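Here are some exercises to work through with the model open beside you. Try each task before reading its solution.

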Amino acid sequence: MADIAKRSSFIPDIWDIREFIRRLEREGDLVRVEKGVAGGDEIAAVMWELEDRKGNRGPAVVFEKIKGYDIPVIKNLFGALRRWALILGFPDWRNIKIRELKEYLLQKIETDKDWIAPEITAQAPCQEVVIQDNPDFSKFPIFRWHPTDGGPYITLPGVVIKDPEWGQNLGMYRIMIVDGRSAPIVINAPQDSGIYCARARKRGVTKVECAIAIGFDPLLHLASVMKMPVVGRDAEFRFVGALYGKPVQLAKCKTVDIDVPASSEIVFEGFIDLEDVREEGPYGEYTGYYGEAMVQPTFHLKCVTHRKNPYYISCTSAHVASECLILHYPQPFSWYRRMKTEVVGFRDAYLPLQGRNFMAIVQIQKRYPGWGKQAIMSALGSGFAAAIINWLIVVDEDIDIYNWDDVLFALATRVDPQLDIVTFPPLAVNALNPSARSRIPESKDFPYTNFALCSKVGIDATKKFSNEPGRQRPTPPLSLPDTEVLKKVKKQWKEYKID
Ligand SMILES: Cc1cc2nc3c(=O)[nH]c(=O)nc-3n(C[C@H](O)[C@H](O)[C@H](O)COP(=O)(O)O)c2cc1C
Ligand SMILES: [Mn+2]
């Protein structure tokens, strides 16, 4: 804990995407591709190959020359955890460990009394150019990224909407371009934006003002994918204010009563028409599969503002090392927070990216027979887990949950399948879940919520006592070298001259 407290005093100093780009360039963590590229298919294939070659340790990539556009496209800005550590101000950002980053963000998100309200500024680089006549999505390099996507997609948008009582919400939701001015936007009921839209409808408002920012303050990108402990109340902006120790700077939009990050590269202003619903999708998702078409409300474009010579920022999905999947990494944070109080003996939890967020490993300090099963029940009992997690694996403290080799060892050696695997009947889960047996048809009542039906499995891979129900034999003791002798050997290792 001392370590984390020390780190919480780090003050990030990168305020906009251009500073982020310059810094990455200086650090050798960004590559500019001078070779001309034809469009979405080629950019996506280049990124796929890079992800294959470098996993999630690749650089950010700027595509400078794109056929038909004079706006460069940047991919992978957030596709490596070390770059998150950089924008969060960690001095040793190159060597960040997943656990350190997680604990830091969790600690920051829990101390919301320190959050700082945003400020409105007249300095608005995002409005250097204002286009109110014939605003048009097609002027920007927004591409179809996967061969059978339903259309071109905005993949890294900061969607801002306002509630008269609750202030602004910033969230990231995929947006499909239908024509120059219309774009259905995936807003699901449980998301904050879904709750905002439901409240608007209750007030009799069916056209909800909205702004879509592209390429804004890097820390706001992280905040936009994190589930904040409170809905609204400028939560994402106040959270990032606390990280910087000063207010985030917002600019008033030109045509709607919304405030956007002042340094945004591009802002699409308009409204979400809750009564204009369109088919959206399919889209090649972070799951590695296409998510099927859904019905969603449509955003209508009224005005575009942008910086001079803007960058267009987009992410990759589908590959296991994709930026989109890495950005899903804070998704279970609210679940981790709840587990601390709800799972007896809880130590830590982790959703490895390879499991695409459908597989969780929970570590407990087990003291009594039956505790592994109790952990399965209580861990799966919270909202996030019930909606997202298919596989829940419970392990002991001697298993490193960040190391799949360790987890496999526990699965292979501590599980009597008939006794230690619990399955649960199908329940309503995330519509994108590729394992799900069926989808529940959309309700035409707003909000347009999409669910699928899938069963779950809990695996108790803890070491067993001899008096666990159904067992007559404990898990045998681990065979390890003599502790004292091993200590000595480590100390005098060089003397053996083996390596
Ligand atoms: C690249 C990316 C795309 C996302 N797209 C969607 C989406 O289309 N719909 C959705 O409900 N959540 C999506 N999410 C997850 C949300 O961003 C996340 O749940 C966030 O907490 C939403 O903000 P809110 O909590 O203020 O509603 C996406 C996440 C990422 C990283
Ligand atoms: Mn929110």
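**Exercise 1. Find the buried residues of helix H8 and what they pack against.**

Solution. The buried residues of H8 are Ala235, Glu236, Phe237, Arg238, Phe239, Val240, Gly241 and Leu243. Here buried means that 20 or more other C-beta atoms, placed from the backbone, lie within 10 Å of the residue's own. This is a predicted model, in which local features need pLDDT of at least 70, side-chain atom pairs count only at pLDDT 80 or more, and totals for chains, interfaces and linings use all residues. Residues are numbered from 1 along each chain as its sequence is written, while chains are lettered from A and ligands numbered from 1 in the order in which they are written.

Next, set that list against the whole helix: H8 spans residues 235-244, and eight of its 10 residues are buried. Helices (H or I, at least four residues) and strands (E, at least two) are DSSP runs, numbered from the N terminus.

Now look outward. The buried residues of H8 pack against helix H5 (98-110), strand S8, helix H7 (218-225) and strand S12 (249-252). Finally, step past the end of H8 to Gly245, where phi is positive, near 80 degrees.

**Exercise 2. Work out which strands pair with S7.**

Solution. Begin with S8 (residues 167-171), which runs antiparallel to S7 and is joined to S7 by five bridges; pairing requires at least two DSSP bridges. Asp163 stands opposite Gly167 in S8, and three residues separate the two strands of this hairpin.

Then turn to S11 (residues 207-214), also antiparallel to S7, with four bridges. Gly158 stands opposite Ala213 in S11. As for cover, five of the six residues of S7 (158-163) are buried.

**Exercise 3. Locate the largest nonpolar core relative to the two domains.**

Solution. First, the bounds: domain 1 is 2-327 and domain 2 is 333-460, as given by an automatic or database domain assignment. The largest nonpolar core has 137 residues, and Cys210, Ala211, Val260, Val362 and Val394 have the most contacts inside it. Such a core is a set of buried Ala, Val, Leu, Ile, Met, Phe, Trp, Tyr and Cys residues joined through C-beta atoms within 7 Å. Both domains give residues to this core, so it lies between them.

To see one member up close, select Val260: among the residues it touches are Cys126, Val160, Ala211 and Leu250, where contact means C-beta atoms, placed from the backbone, within 7 Å.

Key
Buried ≥ 20, exposed ≤ 12 C-beta atoms within 10 Å, placed from the backbone. Contact = placed C-beta atoms within 7 Å. Lists of a residue's contacts leave out its neighbours within four places in sequence.
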